[in-house]
Amino acid sequence: MEVDANVDLPETEGVTELEAQMELDRLLADSQFHSTERNRNFLRFVAKEMFEGRGGAVKAYTIAVDVFGRPSSFDPTTDPIVRIEATRLRASLAQYYESRAEEGSVRIELPRGRYIPVFTKAPPQGDNLDDVDAADEPRFEGLYSGWWNTASKRSFIVSVIAVAAAFVTIWLVSAKSPVFSDKPSVAVEMKLAGNQTDIEAGLIRDYLMIALSQFQTLKLAAGQTPDVVAAGAAQAAPGPLSFNSAQRTTSPYHVILKYHPADADRAVWWQIVNPVTGEALHSGVERVLVDKKSETDVRRELVTNLATRFAGTRGAINSIELARELTAPTFGNGCILRSAVAVEQFNPDELWEAKTCLDATLLAAPNDPDVNAELAIVLLELEAPEVSAELTARALALANRSVTLAPTSDRASYAQMLALFRTGQMEAAFASGYRAMSLNPNNSVIPARLGSLLFAHGRWAEGAGLAIKAGMIENVPNTDTGLTLALDAYRRGEFAEALLRVQQMGRSDNYVANILEIAASGQLKEAGSAKDAAHRVSSYREHFWTSFRADMTARHYVPALIDQLAAGLIKAGVPLPRPVADAAN
């Protein structure tokens with residue numbers, strides 16, 4: 001019988017059930033198939049369900065409970081274990097079969113968006129990339145020169161296919177040719193009261209314009225009237241893009257401000273308006289208590305709050321644009337918006353989608369510094385520190401190119417900081433991080449991540465200080481801020497505070513956070529919390545205790561902090577192997 005005829009098999013030569021089972025058994029027994037035992041069980045389980053006719057009933061919940069030992073209360077919306085492991089299994093299968101392309105051989109794939117394997121047969125060897133005439137090979141210069149070997153040809157072809165798939169996806173959604181979006185256009189107007197407060201109100205608007213330009217997520221109109229930004233949006237011309245693509249009309253926004261000083265505080269009422277339709281999209285009030293602050297400090301705090309509110313990753317304008325993107329996805333700035341969310345939430349499937357979208361945009365606009373930088377950030381998120389290789393090398397090249405293209409871009413310097421740190425170039429990474437902070441002092445993401453890197457490197461006070469600074473810029477702390485402050489509490493022996501902070505993060509996918517929770521629980525003799533955290537980290541790092549020190553070293557944590565965490569792990573009952581020096585005594 002043919003295998004799984006009801007599960008959308010691609011158009012390939014048919015594979016019998018016997019052939020499929022033989023290939024599954026052979027693959028699982030092959031030592032060259034580099035995958036964890038957990039993921040082997042994953043593949044074994046979903047294949048068995050398919051063979052026995054239950055493929056349609058396999059869901060994330062079923063896999064989590066039957067394969068990964070999750071409780072019956074498992075909720076896939078809060079625990080991404082199945083998505084994470086599926087992404088890793090797909091990567092392992094692709095890597096394994098990349099070196100096996102014999103004509104007619106059976107191969108196993110796990111298509112994205114589903115958990116049922118597909119069995120296909122390799123195409124005739126005439127289609128093998130190794131048989132391509134060297135004279136017909138593309139030649140690249142500059143950034144990518146020197147890497148066009150056989151493995152890179154395969155990687156390039158895979159990337160091209162992924163890019164084509166992205167174009168097809170968006171074409172299907174929009175029912176038109178691929179569409180590129182640009183940054184939204186914004187005009188800022190301060191309503192004046194006609195009294196002595198107008199000077200201060202004008203200063204707030206001027207400094208706000210500077211702060212918004214530092215984010216470089218918006219296009220600022222020179223004038224203050226809605227007509228300026230609306231006209232600019234209507235006349236926006238497509239950039240030098242290929243693929244016969246269209247340009248989505250840039251979203252115009254008119255930000256209206258009103259300054260309200262009082263004895264106890266200073267407040268700015270704001271409203272975001274669509275100048276074309278007149279619709280009020282969002283409004284609010286930013287208020288700063290005067291207390292014993294100078295007028296300059298009050299003004300600076302107001303401007304920081306307003307700039308973050310409008311132009312930050314989670315700001316009002318980007319949130320409106322993101323909602324539009326989710327309804328009608330685009331390339332260009334749309335990729336960047338969706339990528340930022342995927343990075344923040346560490347969603348593997350969305351990260352791979354963001355990579356595909358950014359790769360497609362880069363082919364059309366290779367000199368866009370934002371796309372180069374954002375793609376570098378995504379690649380670093382996709383490649384775990386303990387296995388840094390091809391993606392990290394490409395990320396560094398992209399980040400360096402972004403800085404060259406836009407030396408005043410905080411995003412470019414931020415991406416360069418991440419890539420340099422990953423490759424062990426610490427001082428250069430810290431210099432890039434501080435440069436990014438100077439380029440945009442209102443972006444809380446930069447001091448939060450820079451602080452976490454400094455802290456990992458043993459510069460405790462400096463790292464914790466930047467984490468506090470990031471929390472002051474934006475009241476909702478991100479993962480880096482929370483983790484740095486939790487680690488600092490643990491280092492100081494404040495184990496209860498460390499446990500509370502790390503649990504408040506709620507990041508089951510963060511390796512260091514889980515390690516910290518186990519260690520703090522061990523110090524406090526909280527067996528239940530330690531067991532839960534150990535279960536979470538084991539779900540994606542099997543037998544984590546055997547590689548704990550190597551994994552933390554790969555993340556560039558200093559030995560002193562690793563030893564402190566190890567002490568807590570041991571108290572929690574984690575069977576850590578003795579350090580080499582101790583074992584020799």
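Strands β4 and β7 (residues 252-261) of this predicted model run parallel and are joined by seven bridges. Within this pairing, lysine 191 stands opposite lysine 258 of β7. Strand β4 has a second partner. Two bridges connect β4 to strand β5 (residues 219-220), again in parallel. Here serine 185 of β4 faces lysine 219 of β5. Strand β4 spans residues 185-191, and six of its seven residues are buried. It is therefore largely enclosed by the rest of the structure.

The chain as a whole holds 24 helices and ten strands. Of its 585 residues, 51% count as buried. Sequence-distant contacts were also counted. Among contacts between residues at least 6 apart in sequence, 61% join residues at least 24 apart.

Buried nonpolar side chains were then examined. The largest nonpolar core comprises 81 residues. Four of its members touch the most other members: Ile518, Phe548, Tyr557 and Leu565. Helix α12 (residues 369-382) gives the most to this core, contributing nine residues. The surroundings of phenylalanine 548 were listed without residues up to four places away in sequence. On that basis, Phe548 touches Tyr511 and Ile515 on one side of the numbering. On the other, Phe548 touches Ile562, Leu565, Ala566, Leu569 and Leu576. Leu565 thus appears twice, as a contact of Phe548 and as one of the four residues that touch the most other core members. Apart from this core lies another, made up of 33 residues. Its members include Leu43, Leu89, Leu110 and Ile116.

Helix packing was examined for α4 and α11. Helix α4 covers residues 81-98, and helix α11 covers residues 348-364. Their axes come within 8 Å and cross at roughly 50 degrees. That angle makes α4 oblique to α11, because it lies outside the ranges that count as roughly parallel (under 35 degrees) or roughly perpendicular (65 to 115). From α4, the contact draws on Arg83, Ile84, Thr87 and Arg90. From α11, Pro348, Asp349 and Trp352 take part. By type, the residues of this contact divide into three nonpolar, one polar and three charged. Leu89, which falls within the span of α4 (residues 81-98), is listed in the core of 33 residues.

Notes. Residues numbered from 1 in each chain as written. Predicted model: local features only at pLDDT ≥ 70, side-chain atom pairs only at ≥ 80, totals over all residues. Heavy atoms only, no water. Buried < 20%, exposed > 50% of the residue type's maximum accessible area, 1.4 Å probe, protein only. Helix = DSSP H or I, 4+ residues; strand = E, 2+ residues; numbered from the N terminus. Pairing = 2+ DSSP bridges. Core = buried A, V, L, I, M, F, W, Y, C linked by side-chain atoms within 4.5 Å. Contact = heavy atoms within 4.5 Å. Axes fitted to C-alpha atoms, helices over the stretch in contact; angles between N-to-C directions. Parallel < 35°, antiparallel > 145°, perpendicular 65-115°, else oblique. Nonpolar A, V, L, I, M, F, W, Y, C, P; charged D, E, K, R; others polar.
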